[in-house]
Number of protein chains: 2
Amino acid sequence: MNTGNHAHITNTRQARTAMRSGQWTIPTVYQLPGYVQANLAIVPKSIAYDLLVYCQRNRSACPVLEITDPGDPIIRQLADNADIRTDLPKYNVYRNGELTEQREDITDLWRDDLVAFLIGSSLTFDEPLRRAGVNLSPQVWVYRTNIPTTPSGSLHGSLIVTMRVMTPSDAIVATQLTSRFPFNHGSPVHVGDPALIGINTSQPMFGEPLESISPEYIAVYWACGVTPQQVAIDARLPLMITHAPGHAFITDMTADRICLP
Amino acid sequence: MNTGNHAHITNTRQARTAMRSGQWTIPTVYQLPGYVQANLAIVPKSIAYDLLVYCQRNRSACPVLEITDPGDPIIRQLADNADIRTDLPKYNVYRNGELTEQREDITDLWRDDLVAFLIGSSLTFDEPLRRAGVNLSPQVWVYRTNIPTTPSGSLHGSLIVTMRVMTPSDAIVATQLTSRFPFNHGSPVHVGDPALIGINTSQPMFGEPLESISPEYIAVYWACGVTPQQVAIDARLPLMITHAPGHAFITDMTADRICLP
């Protein structure tokens, strides 16, 4: 477990303050365990309706936890006193579907027509799984499947999943436990053979290539919040700003309190 | 349990066909037990974004199960071959916030800019509660609370709830069981004293006035899918079409299969 150079930070507000001042630029994976983390997608208002309908139609991949009013950079429900332009450790900036920049602050890119989507992340349930004694593989793989999502406007594409490898009995506990997090991808979308959903484990989008899964383990797959970002990239939107992979928004909500506002 | 004059109807498609032909005009309460029922709100595209953001911000009251493309009257995800203009038993038509008509068919009111929202309904979990041996009060009361909802655009107002009265041990089972239905209002929002959330039980929005609750029983409250309809009525939209109270849309999804698409 990587606690980076921020072991002295014990609450979510301190964490966001450190990100705001540029002192925290490392990934949020396994940081502030027990707090809900969220994926970010910022798009112009002109595409926000299509994206919100896309998220509704593909709820397991895209559980929207908060959506800001156009031009308003302040998070109102998930966190106290958070500014979406500064309070993540790292951002990706896409223009016409191309990654053009990586930033630690997007204040000077902010516009009156931008809308921020905060989308549930499976980073949220890694800590509850660990606490339940589920032995998680040291890494999480991300794959594109052949499962189609339901389109909305110009947004379409196949489902992206995270894959974790564990024992069969842990897979059962993980299914039970993640069912309690319907707004953070909920239960798995698949268990077992990766080929059944079009995955070649040696070709992940993120993570080390995996040649084979040892017979005493089983792979378990959850819908991934990167899916809506990827369909927006594929649709070549003029502008979209996301969190950099692994550098999520840390909310003030505890994962154990599943009834999000 | 009212089986009306439709005891011969055993599947959801037959039910919708009977509604389409005008043979079924009675309430859907307790009909086709075990299938997900949905509240309907049809609004012009110009207000659909604000309404969808309102639903996201007030998810326990307004879990959106499906949203149609503008002008498309066909349900694509929740049911096979369903037309939203004809396949409910009864509709309410609101103009500028006033109920101006009740209809069994809205085909001639349909327009290219209309968007239909299907929203989860607590009618869905009455049958699973009954099957679990929870003795439900013979009626369900609907109240307006003093709990504020989170506004979106011109839409704002207080939360509306359904209230059921049961024994304390049944209240515990009902809390456990409805937690399994996050997309049909999920767990209760309150239990016990109605005054704590601004309810005077003798003044329901729907249901018979209730003078008092017998001491061996306890009241349990769930967020109600009528909330978004009520805030839209209060905002005096030029046009909104809803299901008539108790006359919901019957989907092909079973309540036991909680992972809705």
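This tour moves from the interface of chain B and chain A to individual salt bridges.

The model is predicted, so local features need pLDDT of at least 70 and side-chain atom pairs pLDDT 80 or more, whereas totals for chains, interfaces and linings use all residues. Residues are numbered from 1 along each chain as its sequence is written, chains are lettered from A in the order in which they are written, and side-chain values use heavy atoms, without hydrogens and water.

Select first the residues in contact (heavy atoms within 4.5 Å): chain B and chain A each give 23 residues. About 2,200 Å² is buried between them, this being the accessible area (1.4 Å probe) that the two parts lose on being put together, summed over both. Within chain B, highlight Tyr49(B), Arg57(B) and Arg59(B), which lose the most area to chain A, together 34% of what that side buries.

Next, display the two salt bridges across this interface; the term denotes a side-chain nitrogen of Lys or Arg within 4 Å of a carboxyl oxygen of Asp or Glu. Zoom to Asp69(A) and Arg57(B), which form a salt bridge at 3.0 Å, N to O. Arg57(B) is buried at 7% relative accessibility, while Asp69(A) is partly exposed at 37% (buried is under 20% relative accessible area, exposed over 50%, partly exposed in between; 1.4 Å probe, protein chains only).

Then select Asp252(B) and Arg16(B), a salt bridge with its closest N and O atoms 2.7 Å apart. These residues lie 236 residues apart in the chain. Arg16(B) is buried, at 2%, and Asp252(B) partly exposed, at 27%.

Finish at Glu127(B) and Arg130(B), whose salt bridge has its closest N and O atoms 3.0 Å apart.

Note on methods. Helices (H or I, at least four residues) and strands (E, at least two) are DSSP runs, numbered from the N terminus.
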